[in-house]
Protein chains: 4
Amino acid sequence: MRTGVWLVGARGSVATTSIVGGLALRAHLAGPTGCVTELPELRGPALPAFADLVFGGHDVATTPLAKRAETLAAAGVLPGRLVAALPDELAAVEEELRCAPGGDTPADRVAAVVRDLTDFRDRHRLDRVVVVNVSSTEPAAHPHPAHADLAALRDALADTPDVLPASSLYAYAALQAGCPYVDFTPSTGARLPALHALAVERGLPYAGHDGKTGETLVKSVLAPMFAMRHLRVRSWSGLNLLGGGDGANLADPAANAAKVESKQRVLGETLGYVPQGETRIDYVEDLGDFKTAWDLVTFTGFLDTRMRMEFTWHGCDSALAAPLVLDLARLTAAAHAAGRVGPLTELAFFFKDPLGAPTHSLAEQWARLTEFTRDLHAGKENADGHAG
Amino acid sequence: MRTGVWLVGARGSVATTSIVGGLALRAHLAGPTGCVTELPELRGPALPAFADLVFGGHDVATTPLAKRAETLAAAGVLPGRLVAALPDELAAVEEELRCAPGGDTPADRVAAVVRDLTDFRDRHRLDRVVVVNVSSTEPAAHPHPAHADLAALRDALADTPDVLPASSLYAYAALQAGCPYVDFTPSTGARLPALHALAVERGLPYAGHDGKTGETLVKSVLAPMFAMRHLRVRSWSGLNLLGGGDGANLADPAANAAKVESKQRVLGETLGYVPQGETRIDYVEDLGDFKTAWDLVTFTGFLDTRMRMEFTWHGCDSALAAPLVLDLARLTAAAHAAGRVGPLTELAFFFKDPLGAPTHSLAEQWARLTEFTRDLHAGKENADGHAG
Amino acid sequence: MRTGVWLVGARGSVATTSIVGGLALRAHLAGPTGCVTELPELRGPALPAFADLVFGGHDVATTPLAKRAETLAAAGVLPGRLVAALPDELAAVEEELRCAPGGDTPADRVAAVVRDLTDFRDRHRLDRVVVVNVSSTEPAAHPHPAHADLAALRDALADTPDVLPASSLYAYAALQAGCPYVDFTPSTGARLPALHALAVERGLPYAGHDGKTGETLVKSVLAPMFAMRHLRVRSWSGLNLLGGGDGANLADPAANAAKVESKQRVLGETLGYVPQGETRIDYVEDLGDFKTAWDLVTFTGFLDTRMRMEFTWHGCDSALAAPLVLDLARLTAAAHAAGRVGPLTELAFFFKDPLGAPTHSLAEQWARLTEFTRDLHAGKENADGHAG
Amino acid sequence: MRTGVWLVGARGSVATTSIVGGLALRAHLAGPTGCVTELPELRGPALPAFADLVFGGHDVATTPLAKRAETLAAAGVLPGRLVAALPDELAAVEEELRCAPGGDTPADRVAAVVRDLTDFRDRHRLDRVVVVNVSSTEPAAHPHPAHADLAALRDALADTPDVLPASSLYAYAALQAGCPYVDFTPSTGARLPALHALAVERGLPYAGHDGKTGETLVKSVLAPMFAMRHLRVRSWSGLNLLGGGDGANLADPAANAAKVESKQRVLGETLGYVPQGETRIDYVEDLGDFKTAWDLVTFTGFLDTRMRMEFTWHGCDSALAAPLVLDLARLTAAAHAAGRVGPLTELAFFFKDPLGAPTHSLAEQWARLTEFTRDLHAGKENADGHAG
Ligand SMILES: NC(=O)c1ccc[n+]([C@@H]2O[C@H](COP(=O)([O-])OP(=O)(O)OC[C@H]3O[C@@H](n4cnc5c(N)ncnc54)[C@H](O)[C@@H]3O)[C@@H](O)[C@H]2O)c1
Ligand SMILES: NC(=O)c1ccc[n+]([C@@H]2O[C@H](COP(=O)([O-])OP(=O)(O)OC[C@H]3O[C@@H](n4cnc5c(N)ncnc54)[C@H](O)[C@@H]3O)[C@@H](O)[C@H]2O)c1
Ligand SMILES: NC(=O)c1ccc[n+]([C@@H]2O[C@H](COP(=O)([O-])OP(=O)(O)OC[C@H]3O[C@@H](n4cnc5c(N)ncnc54)[C@H](O)[C@@H]3O)[C@@H](O)[C@H]2O)c1
Ligand SMILES: NC(=O)c1ccc[n+]([C@@H]2O[C@H](COP(=O)([O-])OP(=O)(O)OC[C@H]3O[C@@H](n4cnc5c(N)ncnc54)[C@H](O)[C@@H]3O)[C@@H](O)[C@H]2O)c1
Ligand code: NA
Ligand code: NA
């Protein structure tokens, strides 16, 4: 099952780490630590092998991929030896990267993306291409009536300059080109009724939103712990300090707001009430791709005794995100192959702000994910059996 | 369903908090925060109501219960207003407390405990009495051949002074008297083949070991998080600082060792390998019943990038333990009523070192617990239906 | 040396704690923990005794002092037993509290304050009255030309409604009434050229700004540590979570800004450069008067190796501030008695944003403070010797 | 002023980092971050320049220095580029390293060390050689009557195998050879009356003990902060987690005990009382040279309100220690040149357990250090002036 992984934001930290890691896995130069789909509970025949993944993507930046990889190595995100060992492979991926398309109208830009995707699929004789958005977080999109109606949207694309934010334009083009779409960012992406309609029309699955890699991951196990123990969370405050490109972008208050909101949601939905406190994101250039998050939780127990917990998470965001990007590409490809259409709510495990308002408890998300892959593998074995 | 709750170590911090809390719940002076059995997922007809619980117990100490309650109130463990509001109720429980029995031989001491339990049950016309061990943690017991054989144990009780540690003697007596037994401490308790045989002989359930209230509770959600994300935990080190009676007792290296061991087990069993590092317990008198635990976890992710997490837990041990004691009494009473015999492995949710080597993941323990209570409630409704 | 302590914001947390504590010290119901002036290095004959302090003050609120004290006791800021033991003493202080004065013009309000202060001094036959501002933090004041010129200010008071913010109006009135003035808040207070001129004209000392009680206190020893070790601080980020009246007030961005600025200054001035990072203040009602501050410091050492330190400070702001208020009243009274005029830069030890741009190192501030008090005591002994 | 720096334990982490750093400074490949003697307050003509330092040393291990340097670079302690840039310089130092001397009697071993030191000094025509002990921490030495008497010690060296621990044997030999001696470890070193007598006899200065680089450094500013603010420290508990050679060695309980003791002393001596709590050291191989220390401080303030502070220090021990080794060599050389004899108590700033029971406050130590160097520089200028 030859599978294209088309990364929007392909020269960013997450994308570069995903590409280097994917190539290293294929070359047996690295192990699958951090790749959820390599756990015994998820592994199986329905998923494309690492060797079957072919990378390409769009970016507005032009820094060569190998250069980005070296910078990440110098910052301790990647082992330098991997970058040094994979020059030809990285050069080959470089050939597959395209400039983010221009064009006078949104419709022109959509057409350009569709062309890039189709060419990529044809050139490499791929069974399918999964488009994964790992580009910079956008400010929240301006509402527009066409968001709710596919026909209206088609019309608007021809003449309304900003009818869709970039992430949704890519989503539109991906679906249009017959490619499943995954949004790893908090941007709007496919989260519009018109785009849902398009996915259904084309018989495509999509997934999102916002990869869950740090503080929110921890929240998604701690909040259920408090709930299961009937402890009352009084306040939950957090500060995320991060540098890197994502950090610089989030220093922009509008992008920040989108991110902060998706971070707090997990609490209200898990606990059944919203505790006091806020989550903040601050840009500290010196921290680079290593993020430090500190959270303080105050709670009361029996007879209202006051207690508290705090934690500090010191994680490398790109190293946490990249294997999940590979996981999502593999799982979404398998879902597509199995004929799944619409939002893949079973992938909530991977996201801060999962589609379909399901549970925010990591353990429940895990249960759903393992069941989902079990079904995919069983379906594949059946199919292969019938075929054989 | 009138249910006796007989506390071994009845004048200790956990017991006193359980009693004051149980009385306050009965009098509607406090809410059920921290009581797991009051969550919608667990509540139901099979459990005795708080109003049906009658407290009694043994202790080697003689400090009046009301006095202990006041000390705990002064230390901020309990609200002083509750102690002030319940003088008659506390005096009534005081009447039900007995000195830890003397006697020349273990058999004599067993007989005395059996008498105390039987009298208590008769005096209050109780449907059953659940014995819960919340006395000081013992050093690990000396092995003895009679531990493996009920008949041999019966003989040995007559003439071998130290054949059983205190916790097991109480367990023996409880079972002998027809009472289910719960061990909230890491002591040996009912965890001997001979005592299992006795439980089976008498048709009684038992539960344990070692209430999970702090650092280990957090471990039981964080360790699965690392496992589910395929992150490699390299080291996990912890320091527990606590005062109070339990802390003073654990300053004794032998008792400490028992406790530390049950604390580390969760990691090996959840992760499938044992990371580096140790968990330590230090006695710091000034901290009183408020325990501070600090844990450092170092781990690697994708491409072996090194990351770390640390947390500080600042909990009031007795306030965390007491509602679980009430939960365990209710659940064990219901299991007994339903005819359950032998180890209640479904109660692993409550314990650091659960019987029957089941999962250490809190979420999975929760799933088993909710299923268990659903069955109890369904059984009860059926029975009531048939009876009606 | 009978000394009046006139508190602006007399019904606030800091003021109430200062008053209860001062009364308790006088009654020998509490020890002087937290009172710097009771350390062997500072104690001496120049300072008024606790028994010589008489409390009064202004507030815009009307909650009875005893009621505020009970609320603080319930929140764990004060021991309830002290409030219970001092009903008459608290009632006596209640008699000395006045409403924040109204009046059509600033000049009218000044006159009212002067009257209140003069009456207080006369009524109790006080040698002097020290006015200490512990009222809510104001937004930064609007600049006005009259701030730079005493004569122009006198004119403006008669007809320009907002020429001075409240804190400066109180400072003006205090100086006008012959009372030394201490600003424990970050508000403008006496920090205007025209008010300096007034202090000089009246021969009065003044002190400020912004009591140093938590995170900044820690910064003032850690920042010099990094400097003395030639370690390069790359970033210093902080989050202050607090409830209480002060917290609610600081939720107002304008007041917050004033506070945050005075918090960061210490770093730049101690290190000689400004590291990356920001200090934030968030209001979390649940935390009440107990503030939690978390700081992350990243730094490089020899050969640019990267390291980090973090700390969590969990302090009771009012309990930290109140003894300093008493210290400042005693020291300022002694300085006044010794004929000191103008800014008391030797009191930098007590302030986040000390007057006269001196050192921010706590140790150097301590050296200056001990020298200052040594001189005061020596001068007093000389004077007493001459007098005797 | 050509100065030899003779490192006992020359192939260890601290020594290797000192050597690489010293060579890099000489070659202007690195800046002096972490070198206290390069601060404006300490810099001056009395100190030998980095270019004047010549390295040599003893070790029981035989791993080539360049190999150790590469290992440290791979672990992130050193920049690999420096090791790569200095192959000839490292090879030259390799030539100056000697095996820890054997010999039948202690006297034979002393003679061998004296020979090595004298040869080194002659070979390089050095003005003097400073011997710095950075070898593995020893268990506490066994007392022996000869420790108190130089003549008796001389006799015992001839025939009593273990009369001196290795650190003291090196100290003896250094002094015998006319070299000042610095102990950077908690081992006994020169801390014996007989060795003091030898230093005086030879007119030599010596310094120690136990470089202050992490948790104790922080303690030496925080403990004075609590003292200066009259806050009562109730407990101070700490856990030090470290890997590396030093960590492995400290996993030995005897060595650990020596270290822990010198770590706690600072508290008692600064506060005037010993708070509850202990400091522990645990070996966690995975942490390598990066140490994580966590400390919890509980304290009471005004009216006995309870508060707490915790900090986590994540430092690279060798990177913190190495510049201090260079500082100590320079300062001790200058003191020797200035004719100083006996313990250099003014160097307390650098040590956990400084000679001469002086203050443990970092700020006061700093004041003494700056005064000391000012005098050295002034003396040097005078001497140069007279000479000129
Ligand atoms: N790293 C994590 O743990 C994590 C977790 C959740 C979400 N995310 C999200 O993933 C995204 C990528 O993060 P990153 O750290 O790689 O950021 P980055 O800044 O390093 O990379 C983003 C890339 O997107 C490119 N880009 C911007 N606009 C584009 C456009 N219109 N078309 C094509 N490319 C465009 C940029 O040029 C850049 O190369 C962010 O939105 C981030 O919020 C990351
Ligand atoms: N509090 C928690 O969070 C928690 C969690 C898990 C386990 N535990 C365990 O619960 C137990 C009780 O803790 P605590 O804080 O109440 O301790 P505690 O010291 O306050 O109380 C123990 C009581 O047991 C009594 N006792 C001792 N030996 C006895 C005997 N032979 N017979 C009868 N009574 C005896 C003591 O006199 C004392 O009153 C401890 O073993 C502790 O390890 C507590
Ligand atoms: N607690 C600390 O550690 C600390 C440290 C530094 C500075 N401060 C400052 O001390 C001040 C007091 O803090 P708090 O916690 O007591 O706050 P608080 O809100 O409890 O008390 C402030 C009091 O000032 C009164 N007030 C407001 N405007 C007034 C006016 N115009 N005239 C007279 N009274 C007025 C309010 O009614 C209130 O009673 C704040 O400005 C705070 O920033 C406190
Ligand atoms: N790194 C710090 O921050 C720090 C702070 C204070 C004290 N120290 C002390 O500095 C010393 C060195 O630390 P390290 O991290 O370099 O340890 P390390 O284990 O890397 O190096 C010690 C070296 O000493 C050598 N050695 C052992 N016995 C010897 C002997 N008898 N003669 C000659 N050499 C001998 C060993 O072979 C090894 O090469 C330790 O005692 C440590 O406690 C270090
Ligand atoms: Na912490
Ligand atoms: Na921390």
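Good morning. I begin with ligand 4, whose shell draws at least three residues from each of domain 1 (3-211 + 319-383) and domain 2 (217-315) of chain D. Please keep in mind throughout that this is a predicted model.

Let me stay with ligand 4 for a moment. It is surrounded by 27 residues. The closest of them are D:Asp59, D:Ser135, D:Thr137, D:Tyr170 and D:Thr213. By character, the shell around ligand 4 is made up of nine nonpolar, ten polar and eight charged residues.

Which backbone atoms lie close to oxygen atoms of this ligand? I will name three cases. For D:Ser135, a backbone N or O atom is placed 2.7 Å from an oxygen atom of ligand 4. For D:Ser136, the corresponding distance from a backbone N or O atom to an oxygen atom of ligand 4 is 3.4 Å. For D:Asp317, a polar backbone atom is found 3.2 Å from an oxygen atom of ligand 4. Taken on its own, ligand 4 has 840 Å² of accessible area, and the protein covers 89% of that. As for the elements of chain D that give two or more residues to the shell around ligand 4, they are helix H1 (13-26), helix H7 (166-176), helix H10 (244-250) and helix H12 (317-337).

I turn now to ligand 3 and chain C. Here 28 residues form the surroundings, and the closest are C:Val14, C:Asp59, C:Ser135, C:Thr137 and C:Thr213. The shell around ligand 3 divides into nine nonpolar, eleven polar and eight charged residues. Both domains of chain C take part: domain 1 (3-211 + 319-383) and domain 2 (216-315) each supply at least three residues to the shell around ligand 3.

Two side chains deserve mention at this ligand. C:Asp59 has a polar side-chain atom 2.6 Å from an oxygen atom of ligand 3. C:Thr213 has a polar side-chain atom 2.7 Å from an oxygen atom of ligand 3. The backbone also appears, since a polar backbone atom of C:Gly12 is 3.3 Å from an oxygen atom of ligand 3. The protein covers 89% of the 840 Å² of accessible area that ligand 3 has on its own. In chain C, the elements giving two or more residues to this shell are helix H1 (13-26), helix H7 (166-176), helix H10 (244-250) and helix H12 (317-337). Which element provides the largest share of the shell around ligand 3? That is H12(C), with three residues.

Let me move to the domains of chain A. This chain is divided into domain 1 (3-211 + 319-383) and domain 2 (215-315). How far apart do the C-alpha centres of these two domains of chain A lie? The distance is 26 Å. The two domains also touch, with 18 residues of domain 1 of chain A in contact with 23 residues of domain 2 of chain A.

Finally, I consider chains A and B together. A turn of 180°, with a shift of 0.0 Å along the axis, lays chain A on chain B with an RMSD of 0.0 Å. The relation is therefore that of a two-fold axis. Within chain A, the C-alpha nearest the axis belongs to A:Phe311, at 2.0 Å from it. Both copies use the same surface, and 100% of the contact residues of chain A recur in chain B.

Thank you for your attention.

Definitions and conventions:
Residues are numbered from 1 along each chain as its sequence is written. Chains are lettered from A and ligands numbered from 1 in the order in which they are written. This is a predicted model: local features need pLDDT of at least 70, side-chain atom pairs count only at pLDDT 80 or more; totals for chains, interfaces and linings use all residues. Side-chain values use heavy atoms; hydrogens and water are left out. A residue is near a molecule or strand if one of its heavy atoms lies within 4 Å of it. A polar contact is a pair of N or O atoms within 3.5 Å; within protein, one must be able to donate a hydrogen and the other to accept it, and residues adjacent in sequence count only if both atoms are side-chain atoms. Accessible areas come from the Shrake-Rupley method with a 1.4 Å probe; for residues, only the protein chains shown count as cover. Helices (H or I, at least four residues) and strands (E, at least two) are DSSP runs, numbered from the N terminus. Ala, Val, Leu, Ile, Met, Phe, Trp, Tyr, Cys and Pro count as nonpolar, Asp, Glu, Lys and Arg as charged, and the others, Gly among them, as polar. Domain bounds come from an automatic or database domain assignment. Copies are superposed by least squares on the C-alpha atoms of residues with pLDDT of at least 70 in both. Contact means heavy atoms within 4.5 Å.
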